[in-house]
Structure formats: structure tokens, C-alpha cells
Amino acid sequence: MLTNKTIVLGITGGIAAYKAADIASKLTQAGARVEVIMTESATKFIIPLTLRNITGRAVVTDMFELASEFSVEHVALADAADVVAIAPATANTIASLAAGIADDMLGCIVLATRAPIVVAPSMDVNMFENPITQENLSKLKARGFTIVDPAYGRMASGKVGLGRLAETETIIGTIKQMLGRNGDLAGKRITVTAGGTQEPIDPVRHIGNRSSGKMGYAVAEAARDRGAAVSLITTPTCLPEPVGVEVIHVQTVSEMREAVIKATARADALIMAAAVADYKPKSVAKAKIKKDSPSLTLELVRTPDILAEVKGNFIKVGFAAESEDTIDNARRKLQEKQLDLIVANDITSPDSGFGVDTNKVTLIDRDGKVESLPLLTKREVADKILDRVVEFLAKKPPLQRIEFSLWPPSSTERYKRINIPEDVRHLFPEDKVPFLIETDIGTFSVCVKRHENTPSHIHLRRTNWFKAHPELKAGDKVAIEVIEPMKKYRLKVGI
Ligand code: PMT
């Protein structure tokens with residue numbers, strides 16, 4: 001996704017300036033055109049020639065020197081930028097940007113560009129925590145800059161705290177997220193599961209499997225890079241958390257089930273790449289099981305099938321890890337679990353399936369279309385799956401959706417409810433006729449009820465849902481989507 005993108009990389013004068021060489025190198029290797037601008041003090045920490053050799057482009061260090069094609073017309077560089085990233089950004093540069101000062105090339109470009117701006121601060125912990133720096137960062141955030149928070153650790157001064165430049169992967173991940181913000185999944189919410197569930201046997205042992213999480217993480221990152229808001233439900237893995245993705249940590253099938261139900265209450269698609277245990281120990285030993293008998297029998301019981309169970313108005317994608325009759329078995333799972341798409345995964349080949357970076361899959365969809373893909377990287381497989389999700393989403397008829405404000409608008413009222421205005425009253429059943437409402441904490445049976453004090457409105461009876469959302473204030477917006485008129489609805493927050 002970085003191919004042929006222009007990234008303006010601003011480097012300012014801090015000890016972490018040398019790390020900008022790594023950022024420039026990785027961006028260039030990924031196909032981006034990297035235009036480096038160094039402040040004068042940055043050139044004291046790392047020489048421009050290093051950046052020039054890494055990027056193969058002239059490095060701008062002085063606004064008045066004809067060092068590059070952009071030197072005179074800095075506006076051209078500001079226009080050419082797909083993203084402007086400043087890494088490291090010193091306290092001084094942050095203050096200067098917050099004040100709108102344009103006394104060097106970097107300041108001019110930041111003011112002139114319409115591209116998203118990423119700022120990765122790096123400085124001494126006290127400087128970072130100083131209220132002036134924090135206020136300047138807040139100002140930038142309020143103006144739409146994306147701040148990549150510094151990492152915690154040891155600094156050049158010997159102090160330990162927040163202030164180290166974020167990891168290269170984190171900064172590049174944020175740049176990718178910015179590039180993809182208008183992608184074909186912009187505005188969509190995608191839930192992805194990854195890794196292998198772990199079912200405890202005793203306090204130190206569990207039943208697990210060989211899933212590394214790579215496939216699911218690749219799907220999550222690819223969806224993020226195409227503009228989706230991604231919730232990644234993951235078991236413990238050795239992989240770094242993807243930037244710009246909501247990561248929900250789980251261990252067991254039951255924890256994953258709960259997280260999937262919650263996340264899909266607002267999702268447009270669910271992609272279950274996780275390898276989920278089909279059985280778990282009937283009971284978990286409280287103390288570590290001793291090896292004092294020659295054999296040990298564990299009684300196992302079935303776990304819930306999350307993918308089969310979870311339902312709603314979202315695109316459902318499953319994986320099928322198969323070692324024989326791959327296509328037939330995958331077709332059966334597609335039907336049994338009522339999926340839109342299944343990714344049949346051949347796990348017999350050493351370069352496909354568990355643990356490796358590549359995968360060989362066949363995509364089978366609900367209309368019977370079968371597409372066998374060659375051996376690809378997991379990221380490429382992820383994009384192929386998402387291509388199909390985009391197609392399905394385009395075909396999905398939009399749900400009838402009604403937006404409400406929580407009532408009453410006064411924040412002093414303790415209880416909130418949802419009033420249904422008269423003009424959409426016909427979309428709901430008669431008073432006292434129960435209907436189902438899906439929420440992020442489960443599905444409730446509720447009724448429409450008249451309220452004496454609001455004769456022109458009808459309100460939904462209060463449910464535990466309100467108690468589960470103490471953050472909601474009266475007047476906040478919520479939406480109800482009609483899944484099945486008169487029978488089933490979905491309640492959404494954060495619209
Ligand atoms: O993580 P990696 O090392 O990159 O490996 C990738 C992978 C091989 C784990 C992945 O690509 C894969 O194939 N995942 C699905 C593995 C699996 O559990 O397949 P299954 O055939 O047992 O299950 C079918 C589908 O139902 C899966 O989407 C699974 O998430 C889901 N399921 C299964 C059992 C269960 N109790 N609940 C479920 O939701």
C-alpha cells in the first residue's frame with residue numbers, strides 16, 4: 001500500500017534522529033517515495049547524506065538552498081505529500097507547530113499541506129510530561145494531527161520514563177492507517193479473531209493448538225489499511241499488537257465467544273481466523289496436577305461453536321483448517337455455520353497453514369463460487385478475503401436505521417430511555433407485543449410502552465443495557481437498526 005505514495009519525513013534535532021534512517025529505509029523498501037526534510041539541528045545528529053543514500057532523493061535542509069526540485073516551491077512538496085510524518089519530533093518543533101510558526105521548510109510544509117500529519121514525539125521524560133508540551137500536543141490533536149505516543153524506557157540522559165521515540169513499526173503502521181483512511185472499507189467495522197484458544201487443565205497447563213495468530217493479524221492489519229475500524233480478538237501470541245486496531249485479549253473459547261458477541265453487535269463483518277478448541281476439560285484442577293500416577297485421563301466436553309452461534313446483519317467469514325477432503329469439508333462448514341465465505345486452508349503443506357508466513361487457500365462463497373489461490377503471503381491472502389468482503393458488503397441491502405438521542409436531554413435525570421418519534425412508530429410492534437433487541441451485551445426481549453409524561457412519544461423499557469453503559473449521557477446519539485421488522489432490531493452506540 002506504500003507503493004508510489006509520497007511520504008514527507010520531517011526529522012528534527014533529537015538523539016532519536018538516527019532512528020529516522022530506519023523509518024526512511026523501511027518506507028523506501030516498501031515502495032514509498034520518501035522526501036526527507038531535516039531541521040538544522042537534526043543535521044547535527046545525523047548527516048543528510050545518510051538519508052539521501054537511503055531514499056535516493058535529495059534531502060531538504062535549508063529553505064533557501066536549491067538542494068532539491070522542491071526547494072523554492074515548498075508548496076509543491078506539501079501538495080505532493082500523501083502523508084507528512086515528523087519523527088522524531090522535539091518539544092521545540094511541537095511547540096513551533098502548535099503556534100503555527102513557519103520559519104523553516106518543515107514548518108512551511110506542515111502549514112501548507114492538506115495531507116494527514118503524523119507526529120512522533122521524542123524527548124526527555126520531564127520535557128514530555130511538562131504541561132506546556134502536553135498542552136501543545138493537545139492543540140495539535142485538536143487540529144487533527146495524529147500523535148504517535150512515545151514509548152516507555154531508558155533515555156540518553158539515563159532517566160527512565162515516557163519519551164523514547166515509538167518503534168519504527170508503530171510509526172509506519174500509523175502512516176499506513178492514515179493512507180488507508182479513505183479505502184474501500186472506510187466507515188466499516190470489522191471484527192477479526194486470531195490465534196489459538198487455550199483451555200486450562202490446571203493452574204499451569206492448558207490445551208492449545210499451533211496457531212501463531214499470523215493469519216488473523218494479517219487480516220486485521222489489511223482491514224485497517226483499507227480504512228476499516230478493526231476489533232482484533234486475540235489469544236496470547238508472540239506478535240506485536242497492530243497499531244490503530246482495537247485489540248481485545250482473550251484466552252478461552254468462552255472468553256472469545258463473549259468478546260465476539262459484544263464486538264459483532266456493531267460489526268459489518270466478522271472474520272474468524274482463530275483456531276478455536278472444539279473440546280475443553282470438563283473441570284479445571286485447582287492445584288497443579290502431580291505426576292504420581294502412570295497415566296492420566298482427562299474428560300473433555302464440547303465447547304460452543306462461536307461462528308455457528310453468532311448471528312446478525314454482518315458478513316460472516318470462517319476458516320477451515322483441513323488435512324483431507326479440504327473442499328468438501330469446507331463446503332459443509334460453510335453451510336452448517338451459515339457463512340457468506342469460507343477460507344479452506346490446506347494445512348498439509350509445510351508452507352501453508354499454522355505458524356508460517358504464507359498460506360494456500362481456496363475461497364468458497366455462499367453462491368457456490370470456488371476460487372483457488374496460489375501460495376501467497378498471509379497479507380496477500382488477507383487482501384483477497386477482504387476483496388470478497390467488500391463485494392458482499394456492496395450487495396448487502398442497507399438496514400433501515402433510525403437515530404435517536406437518549407432522553408431526556410437534561411443530564412440531571414438519573415435514568416435514560418429511547419423515545420421513538422411518532423413518524424417511525426409504525427416500524428415497531430404494538431404496545432406490549434414483545435420483540436428482540438440485540439445489543440453489545442446480549443439480546444433482550446422488550447416491549448414498546450407508552451409513557452404518560454410523553455404522550456406524543458413511545459419509549460423502550462429500560463434494560464440492563466443502560467447499566468452496562470454508564471458512559472452514556474442523556475442526549476447522546478444511539479441508533480436502532482431494523483433486522484426483521486416487528487421482530488428483531490439492533491441497538492448501536494457510538495454512531
Ligand atoms: O494463526 P496462524 O499460525 O497464522 O494459522 C492460521 C490458521 C491455520 C489457524 C487459520 O488460517 C485457520 O485455518 N483457522 C481456522 C482453524 C480452525 O479452527 O478451523 P475449524 O475448521 O476447526 O473451524 C472452522 C471455523 O469455525 C473457524 O473459522 C473457527 O474459527 C470457527 N470455530 C471453530 C470451533 C469453535 N468451537 N468455534 C468456532 O467459531
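**Briefing: ligand shell, sheets and an exposed loop residue**

The shell of residues around the ligand divides into 14 nonpolar, 8 polar and 4 charged residues. The structure is a predicted model, and the points below take up the surroundings of the ligand, then an open parallel sheet, then the antiparallel pairings of strand β22, and finally the loop residue K487.

**Around the ligand**

- The ligand is surrounded by 26 residues, and the closest of them are S212, M215, I306, L307 and F319.
- Three elements, namely α10 (214-225), α12 (306-309) and β16 (315-322), each contribute at least two residues to the shell around the ligand.
- Strand β16 gives the most to this shell, with 4 residues.

**The open parallel sheet**

- An open sheet is formed by 5 strands, which follow one another in the order β2-β1-β3-β4-β5 and pair in parallel fashion.
- The edges of this sheet are taken by β2 (33-38) and β5 (146-147), and because each has a single partner strand, one side of each is left without a neighbour in the sheet.
- Helix α1, which covers residues 19-29, packs on the sheet and touches β1 (6-11), β2 and β3, while its direction makes about 175° with that of β1.
- Within the sheet, strand β3 (residues 83-89) and strand β4 (residues 117-121) run parallel and are joined by 4 bridges, and A85 stands opposite V118 in β4.

**The antiparallel pairings of β22**

- Strands of a sheet pair through backbone hydrogen bonds, and the pairing may be either parallel or antiparallel.
- Strand β22 (residues 400-407) runs antiparallel to β28, to which 6 bridges join it, and the bridge partner of I402 in β28 is I480.
- Strand β22 is also joined by 2 bridges to strand β23 (residues 417-420), again in an antiparallel arrangement, and here W407 stands opposite R417 in β23.

**The loop residue K487**

- K487 is placed in the loop between β28 (477-484) and β29 (488-493).
- K487 counts as exposed because it has 12 other C-beta atoms within 10 Å, and the cut-off for an exposed residue is 12 or fewer.
- Although K487 and F435 are 52 residues apart in sequence, their C-alpha atoms are 4.8 Å apart in space.
- When the neighbours within four places in sequence are left aside, K487 is in contact with F435 and L436.

Note on methods:
Residues numbered from 1 in each chain as written. Predicted model: local features only at pLDDT ≥ 70, side-chain atom pairs only at ≥ 80, totals over all residues. Near = placed C-beta within 6 Å. Nonpolar A, V, L, I, M, F, W, Y, C, P; charged D, E, K, R; others polar. Buried ≥ 20, exposed ≤ 12 C-beta atoms within 10 Å, placed from the backbone. Contact = placed C-beta atoms within 7 Å. Pairing = 2+ DSSP bridges. Axes fitted to C-alpha atoms, helices over the stretch in contact; angles between N-to-C directions.
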